[in-house]
Every structure is written in C-alpha cells, then in structure tokens.
Amino acid sequence: MGETEPRRRTSPLKNLVAGGVGGACLLLAGHPLDTIKVCLQTQPRGTCSQNVMYRGTYDCFLKTVSREVLKWHNAPPIRPPAHFAPRRNWVHWLLLCIPQGLLGLYKGMAAPLAGVTPMMAISFFGFSLGKQLQQPDPNNPLTHTQIYLAGMLAGTFTTVIVAPGERIKCLLQVQSSAGKRKYTGPVDCVIQLFKERGIRSIYKGTMLTLIRDVPSTGLYFLTYEYLKKFLTPEGRSVNELSTPQILLAGGVAGIFNWLVALPPDVLKSNFQTATDGQYRGLRDVLRKLIQEEGASALYKGFNAVMLRAFPANAACFLGYEVAMKFLNWAVPDL
C-alpha cells in the first residue's frame, strides 16, 4: 500500500536541483502578487479610505501597472502618442504598454531568485533530514507531529538565506511603489545597506523571519503530506498522483501556510522597510501597528496573499515532483 511503501533516500544533489526548480516555479507564479502584498502591508496609514495610497488588491494592481507604463512612456498612460492616434492603432499601443506595466509587478525579484535554488534545496533537504532523524526505519510511517517537526526544521534551515533576501526584496518593492529610486538594484541595495550599518542591516528582521517561517513551514509540509496520502487511492503509491492532484495538494498547503504566516509577515515587512530607529523591536512593531490600525492590520494584504498562495505553491510542488521524477529516471543511482 502507499503508506507502507519503503521511502527512497534522496541525494542532496537531487534535492538541490529539484528544490531549485520548485522554487523558481513558485517565484515566477507568485511574485507579482507578492509585490502587491508588500505594497499594501507597508503603505502609510490614512485617516480614511480616500487618503490611503491603495484601497485594495485590485486598486494596487492597477496603480502599479499604470505607474510603470507612465515611467516607460513618460506620458499619461491614458493617452497614446500622436502617431498612434488612429483608432486601429490603439490596440497596438496597448500591446506595447501593458507588458511594460506588468514588469513593475516583478520588481525586486532578482534577489529572491538568486537565493531560491539554495533556499528551496535546503528547505526540502531539511524536511527530508527531519523525517530521517525521527524515522530510522523507512517502513514505519511518521506521525503528524513528527512530520510537522520535520517541516519546522526545514523552516529553520532556510532563514539564513531567506532573511536577507526578504529584506532586499521588500526595500526594492516599496521604493517602486513610492516612486523614489534609492537603490538601482539588488547588488546596489546590499552595498548601501552594508555601508550604512554593516551585516546587521542586511539581516534586519531575521527573528521575525524565524517566527514567520518555522511554524508555517511545519504546517506547509504537514498539509502537503497529509493531502498526498488522502488523495492516493488504496493500494497505490503517493508517487503515482496525477498532476491535478499534486497541484491541489500543493495549493492547499500554500493557503494553510499563509494563514499562519501572514501576521508575522506583516510585522516583518514593516520592520524591514522602516527607517533605523523607527521600531525598537518585535513588540514595538506589534504595539504601534495595533495601536494605529487595530488588530485587522495584521492581515493587511490578505486578498493578495490568498490569491497568490494557491497557484504559486501548486507550481512549486509540481515543479519539485516533476524534477524529482526526471532525476530518478535520468540518474537513478545518484
């Protein structure tokens, strides 16, 4: 049966490659909505809905795309240039402008993309290691608690890479939404942060990243493993799941992950993008945020996060599973 089938030990190299493929799929599918999420979470507080920069996910999407079109064209996005005046050329003009606007949703992607291969490799490797440490005999199935603990270990392992990547990503995303260009790119951002306050500035928000990732990653892998077994017909192996079933399990796992991760993620985004001295620490961020905006502020960007969670994580697990199957077929003895 699927539950009692011996588990195959996967080499670190296979985890590296498959994890990198999964992470790249996650990033490409989810980064646009991640940009919207960060912009919503870090926008200045207004006295009413008319005074805030973005009124919601859709409004943030439209304004971000419009702003990038304006930068590209250096003219109001509602009016095409004179030589595009004939009505038949409006479609041509829009086809030129819209891709430029959509590129604005991928601001800050270079930093997480550079770290996504080792990050996801470490994540999947950490999860595999956590299971092996609690399961000397592969024929003995793990309990739900043991799977959750293995996932928490994976979340701990990835923080070293995730924390600086998230710091750089958030700063680049926020400067794009604010229309101010302090950093020319990820490398320039790292250099300026290091010059300002050294390595501590680059790793600002590491504790909040741990608080976000450790419990949520545990639930992430637990949900995925549980749904894989639940969707596997009796007498079959979990390795025989169809593509839609993998997408469903991965997408639902992503939603459960972010239900737990969103409140600390809001705190992390605000802390990492704040000026030096604005917050004294985690408690100060939490206190000021609730004091100014109420408890609902901990779920700012909820719609963008949930819209992103399913497709991004479905793509991640599908990419990982496909890559692992290919590697097991191509180099079975590796």
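**Exercise 1. Which residues is Trp258 in contact with, leaving aside its neighbours within four places in sequence?**

Before we start, a word on the model: it is predicted, so local features need pLDDT of at least 70 and side-chain atom pairs count only at pLDDT 80 or more, while totals for chains, interfaces and linings use all residues. Residues are numbered from 1 along each chain as its sequence is written, and side-chain values use heavy atoms, with hydrogens and water left out.

Step 1: find Trp258 in helix H9. Helices here are DSSP runs of H or I with at least four residues, strands are runs of E with at least two, and both are numbered from the N terminus.

Step 2: list the partners, taking contact as heavy atoms within 4.5 Å. With neighbours within four places set aside, Trp258 touches Lys37, Arg212, Asp265, Val305, Met306, Arg308, Ala309 and Asn313.

Step 3: check the burial. Buried means under 20% relative accessible area, exposed means over 50%, and partly exposed is in between, using a 1.4 Å probe and protein chains only. Trp258 has 9% relative accessibility, so Trp258 counts as buried.

Step 4: pick out one distance. Trp258 and Phe310 are 52 residues apart along the chain, and their C-alpha atoms are separated by 9.9 Å.

**Exercise 2. Work out what the protein is built from.**

Step 1: count the elements. There are 11 helices and zero strands, and from the N terminus on the order reads α-α-α-α-α-α-α-α-α-α-α.

Step 2: look at burial across the chain. Of the 334 residues in the protein, 47% are buried.

Step 3: see how far apart the contacts reach. Take contacts between residues at least 6 apart in sequence: 76% of them join residues at least 24 apart.

**Exercise 3. Describe how H8, H9 and H11 are arranged.**

Step 1: set up the angles. Axes are lines fitted to C-alpha atoms, for helices over the stretch in contact, and angles run from 0 to 180 degrees between N-to-C directions. Under 35 degrees counts as roughly parallel, over 145 as roughly antiparallel, 65 to 115 as roughly perpendicular and the rest as oblique.

Step 2: take H8 with H9. Their axes come within 8 Å and cross at roughly 170°, and therefore H8 and H9 are roughly antiparallel to each other.

Step 3: take H9 (residues 243–273) with H11 (residues 302–330). Here the axes come within 7 Å and cross at roughly 135°, so H9 and H11 are oblique to each other.

Step 4: take H8 with H11. The axes come within 13 Å and cross at roughly 65°, which means that H8 is roughly perpendicular to H11. On the H8 side, the contact is made by Tyr220, Phe221, Tyr224 and Lys228, and on the H11 side by Asn313, Cys316, Phe317 and Glu321.

**Exercise 4. Find the largest nonpolar core and follow Phe317 within the structure.**

Step 1: know what you're looking for. A nonpolar core is a set of buried Ala, Val, Leu, Ile, Met, Phe, Trp, Tyr and Cys residues joined through side-chain atoms within 4.5 Å.

Step 2: find the core. The largest one has 27 residues, and Ala18, Phe124, Phe127, Tyr220, Phe221, Tyr224 and Phe317 have the most contacts inside it. The elements giving two or more residues to this core are helix H1 (12–42), helix H4 (110–134), helix H5 (144–178), helix H8 (206–231), H9 and H11. H11 supplies the largest share, seven residues.

Step 3: look around Phe317. Neighbours within four places aside, Phe317 is in contact with Phe124, Tyr220, Phe221, Tyr224, Ile246, Gly250 and Ala253.

Step 4: spot the other core. Apart from the largest one lies another core of 16 residues, including Leu289, Leu298, Val305 and Met306.

**Exercise 5. Is Gly205 buried or exposed?**

Step 1: locate Gly205 in the loop between helix H7 (199–202) and H8.

Step 2: read off the accessibility. Gly205 has 7% relative accessibility, so Gly205 counts as buried.

Step 3: name the partners. Leaving aside neighbours within four places in sequence, Gly205 is in contact with Lys268, Phe271 and Gln272. Gly205 and Lys268 are 63 residues apart in sequence, yet 6.0 Å apart in space, C-alpha to C-alpha.
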